[in-house]
Amino acid sequence: MSTDPTNASDGIDNAERVVIGSMLMSTDAALDVADLLHGWHYASPRHETIHDTILRLATGGHPHDPVAVAHHLRESGDLTRCGGESYLHGLVAAVAAPSSAAWYAGLVHEAAMKRRVRQVGARLEQVGAGDGAAIDVLNEARAELDAAVEDRSVDPSVDEQLAAALASLDEGPGVPTPWTCLDQVIGGWKPGQLYIGAARPGVGKTVMAVAATLDMARRGHPAVLFSLEMSRTELWLRMLSSVASVDGHRIQTRRLRADDRAKLDEAADRMRGLPLLIDDRPGLSMAQMQAKVRTLQRRAPLGLVAVDYLGLVKPPTWAPRNDRRVQVDAIAAGLKETARMFDVPLLAMAQLNRAIESRASRSPMLSDLRESGGIEQNADVAMLMHRATTTDNGEDPSEFKIHMAKNRHGPTTVLDLIFRGHYSQISEGPEWGRERAS
């Protein structure tokens, strides 16, 4: 039998035979191949079965020669389907040198990836012929192609996973937030986690989202803010107000004082070149946001994705138009999926319902999350924000409380901060400031 593979299917079959034959002859060859191939890489189903059997034996320290493998295939009822014991001996006889196994395994891997791409093409043709929205089709296409080129050939062993878990203890728990008190409760922004920041209108949802993304960018980590309610110009002016400590109302009304413009120019100089993107397209769908995140991730790992706010995200086409709860549940699930898919912290702002206004304490609860139990279910951390928006009841509008209503990996508590709306800032009290400086 020739072992010189060609571009034809026979050539790939020959390469698969050399790989399997080498594995039958040598434990070193079997382990080398295990670093490159899984059973699904083989075009031949019987080669897939033989490969998996050899690896089970080899990694368990058992003989994996043709006789031993034939015995196990016979016990599992797969020997006849795999060509019998004579086929296994023939595979060994066809190998000139088992040391070439890794090279032939590379050919098998390459052929497997091409088959995968062809399968994706067929799948995309089916999707494209359906009734789904064009952006959903394009987003699925990109996800399918990413999966096609993803290296799934190596699964870490338990020992390797334990070592990685222990090694992670030497790293920080997450990228710090702008607030030390919040860091002490959640350990910073963590990849793959969904953070919900919810409040009634006017309390400070956008201020929190802007502060979080700006802080992340100033730490040198790329961040993106999807603003479905405000324009990017409005948000940049808010950021300038925050960095320069110039009254935002004077900026909006263009009644700047003599030194305000100089402060804003200086703030702009400090902000130039920040790795921060604001996407202010209205009515974005989850598919559109995922497409943008995927593009940005290819340039550099994102430190934070923020969405302001969840209720304005366009629901998927399959969600019933007359069932807002189902729509919001689907959006919340999509946000969590996005965080995990791209391994990035995702901060999504949400709205609380009016029930909070009828309670004497005005303290928000998870049940106040508007139109959805799916938000509570999918959130890793739920931060319910509250402050008085007027002084009618003698309350101080600068007292900003974050009720940690859900914290999957830590305690629930209440954080006291200071809201400085005229500067688009949420700051900490003196005790937290001293701790941050120390």
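Biologist: Which strands does α10 lie across, and what makes its direction roughly antiparallel to that of β5?

Modeller: α10 lies across β1 (194–199), β2, β3, β4, β5 (346–351), β6, β7, β8 and β9. Its run is at about 170° to β5. Angles go from 0 to 180 degrees between N-to-C directions, with axes as lines fitted to C-alpha atoms, for helices over the stretch in contact. Under 35 degrees is roughly parallel, over 145 roughly antiparallel, 65 to 115 roughly perpendicular, and the rest oblique. About 170° is over 145, so "roughly antiparallel" it is. Helix α14 (residues 286–299) packs on the sheet too, touching β2, β3 and β4, and its direction makes about 160° with that of β2.

Biologist: What should I keep in mind about the model?

Modeller: It's predicted, so local features need pLDDT of at least 70 and side-chain atom pairs count only at pLDDT 80 or more, while totals for chains, interfaces and linings use all residues. Numbering starts from 1 along each chain as its sequence is written, and side-chain values use heavy atoms, with hydrogens and water left out.

Biologist: Why is α10 called roughly perpendicular to α11?

Modeller: Helix α10 (residues 205–218) and helix α11 (residues 232–244) pack at about 70°, their axes 11 Å apart. That angle sits in the 65 to 115 window, so α10 is roughly perpendicular to α11.

Biologist: Which residues of α10 and α11 meet there?

Modeller: Thr206, Val207, Val210, Thr213, Leu214 and Arg218 of α10 meet Leu235, Arg238, Met239 and Val243 of α11. They divide into six nonpolar, two polar and two charged. Nonpolar means Ala, Val, Leu, Ile, Met, Phe, Trp, Tyr, Cys and Pro; Asp, Glu, Lys and Arg are charged, and the others, Gly among them, polar.

Biologist: What makes β3 and β9 edge strands?

Modeller: The open sheet of nine strands has the order β3-β2-β4-β5-β1-β6-β7-β8-β9, with mixed pairing. β3 (276–279) and β9 (425–428) each pair on one side only, and that's the edge. On average, neighbouring strands are turned by 25° against each other, direction ignored.

Biologist: How do you know that β6 and β7 pair?

Modeller: DSSP has to find at least two bridges between strands. Strand β6 (residues 381–386) and strand β7 (residues 399–407) have six and run antiparallel, so they qualify. In that pair, Met383 stands opposite Met404 in β7. β7 also pairs with strand β8 (residues 414–420), antiparallel over five bridges, and a hairpin of six residues joins β7 to β8. For a parallel case, take strand β2 (residues 223–227) and strand β4 (residues 304–308), with five bridges; Phe226 stands opposite Val307 in β4.

Biologist: Why does Phe400 count as buried?

Modeller: Buried means under 20% relative accessible area, exposed over 50%, partly exposed in between (1.4 Å probe, protein chains only). Phe400 has 0%, so it's buried. It's found in strand β7, opposite Leu417 in β8. Contact means heavy atoms within 4.5 Å, and beyond neighbours within four places in sequence, Phe400's contacts include Val203, Met385, Leu415 and Ile426.

Biologist: And what makes His51 buried?

Modeller: Its relative accessibility is 1%, which falls under the cut-off, so His51 counts as buried. His51 has its place in helix α3 (residues 45–59). Apart from neighbours within four places in sequence, it contacts Ile20, Met23, Val33, Leu37, His38, Gly39 and Tyr42. Across the 438 residues of the chain, 47% count as buried.

Definitions and conventions: Helices (H or I, at least four residues) and strands (E, at least two) are DSSP runs, numbered from the N terminus.
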